[in-house]
Amino acid sequence: MEFMRCAESKCKMKCAGKLPCSPKVSFWFKRLQLFDRIRKHKVNPLPDPRNLFRACTRLSRDCTQMQILQPQEYTLAEVDARILSIKNQIELLKPITPEPRTAHISSKRDEALEAGNKKKAQELTNMLEREELGGCYREIKMTTSKGRGRK
């Protein structure tokens, strides 16, 4: 696992990857993962789908905007339509994603300060500063620096 982390940190490929985490964005990703699992279950039924049923119940309880039914209540076409609509929503969130992430981390920092946890608050402040500085130079560094093992 450590070798994989090392390789990923040295990777020079430029790709969008996962969006920065904020509660709203991560919730859309959870929905997408769940509907992907439901789609796989519809195409090739699981021998024991109880974990899938539990995941649907849990996410439906957490989600008040979009009720999630049990897998047997969906058709394959409905699942594909849900996946497409979720992907469209994620694409709409991509341009505005850094602001909710910054606000989320700032709120966590404020909570840590109120609780008296100065060490955690300082770590979150450092994280915000590193992300701000890293965003400025990432594009320049990726295009001007020497590649690492890949031509």
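Let's start in helix α5, which covers residues 98-115. Glu 111 and Lys 108 both sit in this helix, three residues apart, or about one turn of the helix. Their side chains meet in a salt bridge, with 3.9 Å from N to O. Because a salt bridge needs the nitrogen within 4 Å of the carboxyl oxygen, this pair counts as one. The general idea is simple: side chains of opposite charge can pair when their charged atoms come close. How open to the surroundings are the two partners? Glu 111 is partly exposed, with a relative accessible area of 44%, and Lys 108 is also partly exposed, at 37%. Keep in mind as you look around that this is a predicted model.

Stay in helix α5 for a moment and find Arg 101. Is this residue buried or exposed? Arg 101 is buried, because its relative accessible area is 18% and buried means under 20%. Now look for Val 25, which is 76 residues away from Arg 101 along the chain. In space, the C-alpha atoms of Arg 101 and Val 25 are separated by 9.0 Å.

Let's step back to the whole chain. It has six helices and zero strands, so the order of elements from the N terminus on reads α-α-α-α-α-α. Of its 151 residues, 24% count as buried. The accessible surface comes to about 11,600 Å², and 55% of that belongs to carbon and sulfur atoms. You can also ask which parts of the chain touch each other. Take the contacts between residues at least 6 apart in sequence: 62% of them join residues at least 24 apart.

How many salt bridges does the structure hold? There are four, and the pair in helix α5 that you have already met, Glu 111 with Lys 108, is one of them. Another is formed by Asp 80 and Arg 39, whose closest N and O atoms are 2.6 Å apart. This pair links distant parts of the chain: Asp 80 belongs to helix α4 (residues 76-93) and Arg 39 to helix α2 (residues 23-43), with their positions 41 residues apart in sequence. Asp 80 is partly exposed, with a relative accessible area of 30%, and Arg 39 is partly exposed too, at 32%.

A further salt bridge joins Asp 48 and Arg 50, with 2.9 Å between the closest N and O atoms. Here the two partners fall into separate classes of exposure. Asp 48 counts as partly exposed at 44% relative accessibility, whereas Arg 50 is exposed, with a relative accessible area of 51%. The label for Arg 50 changes because exposed means over 50%.

Finally, turn to the surface and look for positive charge. Which residues gather in a patch there? They are Arg 37, Arg 54, Arg 58 and Arg 61. Helix α3, made of residues 50-62, gives the most to this patch, with three residues. Arg 58 has its place in helix α3, and it is partly exposed, with a relative accessible area of 44%. Arg 58 can be a patch member because patches are made of residues with over 30% relative accessible area and no salt bridge.

Note on methods. Residues numbered from 1 in each chain as written. Predicted model: local features only at pLDDT ≥ 70, side-chain atom pairs only at ≥ 80, totals over all residues. Heavy atoms only, no water. Patch = residues over 30% accessible without salt bridge, like charges linked within 9 Å, V, L, I, M, F, W, Y side chains within 5 Å. Areas by Shrake-Rupley, 256 points an atom, 1.4 Å probe, with all protein chains shown as cover. Lys, Arg positive; Asp, Glu negative; His and termini not counted. Charge placed at Lys NZ, Arg CZ, Asp CG, Glu CD. Helix = DSSP H or I, 4+ residues; strand = E, 2+ residues; numbered from the N terminus. Buried < 20%, exposed > 50% of the residue type's maximum accessible area, 1.4 Å probe, protein only. Contact = heavy atoms within 4.5 Å.
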